[in-house]
Amino acid sequence: MIKKIGPYHTEFAIFIIWLFHLSALVGISLGHQEWFMTKTPLNLMIILVLFLGMYPLDKVYKYVAFSIFFIGGMFAEWLGVNYGILFGDYAYGNNFGPKLDGVPYLIGVNWALLTFITATIVSRFVTSTLLKIVGASLLMLLLDYLMEHTAPIFDFWTFAGGLAGLENYVCWFALALLFQTILHFFKIQGNFRFSLQLYLAQFVFFGFLFFYL
């Protein structure tokens, strides 16, 4: 973990994020899709390490917040994968790393990371609590929408009958609202530049693939 968060640490973290995402885009565009997609767990683990440098979990309440979103995300996905509840009938593929009863651990990490960074981004631009919660939830939903259209191609996850249905997006938004509401009461301050650049890198990555594929 990065002990001291300074401008050079932030710049380094941002550089690594864009390096990995843009390299993957170039590689996929050149026909090396399978090789890059199998490296998704490594990419997410590196992002997690960088995140922990920008959002050091140095207080008990920060561990609690991260754990709530990780466990909550895992449980919601477990209900979906095993019972078709909330998000619909779907299953995870092999490119998200090790799983717990069909749910990749990294999907829980992804829920937590997205909750933190979107809240930090929106908080910079609005002061209303309601707008913060709704705005951050919409950012989470937007990224999920882009991911849903590329997930089956990259063996991330696949819905029965094709793409995700309306219930997936409704429940995704509802869960995002719940997480954002909880995070608001923890009042955890994050690194805005890191959060914005991480979100933009993922938006560019999945947005490009959304149109390219």
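Phe159 touches Phe87, Gly88, Asp89, Tyr90, Glu148, Ala164 and Asn168, when residues up to four places away in sequence are not counted. The model in which these contacts appear is a predicted one. Phe159 belongs to strand S4, which covers residues 157-159. With a relative accessible area of 9%, Phe159 is buried, because buried means under 20%. A separation along the chain can also be set beside a separation in space: Phe159 and Ala112 are 47 residues apart in sequence, and their C-alpha atoms are 23 Å apart.

A second pair of residues offers another example of such a comparison. Ala136 is part of helix H6, residues 129-148. The C-alpha atoms of Ala136 and Thr118 are separated by 4.9 Å, while the two residues are 18 residues apart along the chain. Ala136 has a relative accessible area of 0% and is buried. Once its neighbours within four places in sequence are left aside, Ala136 is in contact with Thr118, Ala119, Val122, Leu131 and Gln180.

The discussion now turns to the aromatic rings. The structure holds 28 aromatic pairs. One of them joins Phe69 and Phe116, whose ring centres are 5.8 Å apart and whose planes meet at 75°, so the pair is edge-to-face. The reasoning rests on a cut-off: planes over 60 degrees apart count as edge-to-face. Phe69 lies in helix H4 (residues 60-83) and Phe116 in helix H5 (residues 105-123), so this pair ties together parts that are 47 residues apart in sequence. Both partners are buried: Phe69 has a relative accessible area of 0%, and Phe116 has a relative accessibility of 3%. Tyr92 and Phe96 form another edge-to-face pair, with 6.3 Å from centre to centre and 75° between the planes. Here too the partners are buried, with a relative accessible area of 9% for Tyr92 and 3% for Phe96.

Rings may also have a charged group over them. Lys39 lies over the face of Trp35, at 4.1 Å from the ring centre. In a similar arrangement, the charged end of Arg124 sits over the ring of Phe192, 4.0 Å from the centre of that ring.

Phe192 leads to the packing of helices, for Phe192 is among the residues of H8 that make the contact with H5. How do the axes of H5 and helix H8 cross? The axes of H5 and H8 (residues 192-212) come within 8 Å and cross at roughly 115°. Angles of 65 to 115 degrees count as roughly perpendicular, and H5 is therefore roughly perpendicular to H8. The crossing of H5 past H8 is left-handed. On the H5 side, the contact is made by Leu114, Ile117, Thr118, Thr120 and Ile121; on the H8 side, it is made by Phe192, Ser195, Leu196, Leu198, Tyr199 and Gln202.

One residue of this contact may be examined individually. Ser195 has its place in helix H8. With a relative accessible area of 0%, Ser195 is buried. Apart from its neighbours within four places in sequence, Ser195 is in contact with Tyr55, Ile117, Thr120 and Ile121. Of these partners, Ile117, Thr120 and Ile121 are listed among the H5 residues that make the contact with H8.

Helix H8 also meets helix H3, which comprises residues 40-54. The axes of H3 and H8 come within 11 Å and cross at roughly 160°. Angles over 145 degrees count as roughly antiparallel, and H3 is therefore roughly antiparallel to H8. H3 passes H8 in a left-handed crossing. In this meeting, Ile47, Leu50, Phe51 and Met54 of H3 face Phe194, Leu198 and Gln202 of H8 as contact partners.

The last topic is the backbone of two loop residues. Where does Leu86 lie? Leu86 is in the loop between H4 and strand S1 (90-92). Leu86 has a positive phi of about 80°, although Leu86 is not a glycine. Its relative accessible area of 31% makes Leu86 partly exposed, because that term covers values between the limits of 20% and 50%. Asp101 lies in the loop between strand S2 (99-100) and strand S3 (103-104). Asp101 likewise has a positive phi, of about 50°, without being a glycine. Asp101 is partly exposed as well, with a relative accessible area of 48%.

Notes
Residues numbered from 1 in each chain as written. Predicted model: local features only at pLDDT ≥ 70, side-chain atom pairs only at ≥ 80, totals over all residues. Heavy atoms only, no water. Phe/Tyr/Trp six-rings, centres within 6.5 Å; stacked < 30°, edge-to-face > 60°. Helix = DSSP H or I, 4+ residues; strand = E, 2+ residues; numbered from the N terminus. Buried < 20%, exposed > 50% of the residue type's maximum accessible area, 1.4 Å probe, protein only. Lys NZ or Arg CZ within 6 Å of the ring centre and 35° of its normal. Axes fitted to C-alpha atoms, helices over the stretch in contact; angles between N-to-C directions. Parallel < 35°, antiparallel > 145°, perpendicular 65-115°, else oblique. Left-handed = near helix turned anticlockwise from the far one by under 90°. Contact = heavy atoms within 4.5 Å.
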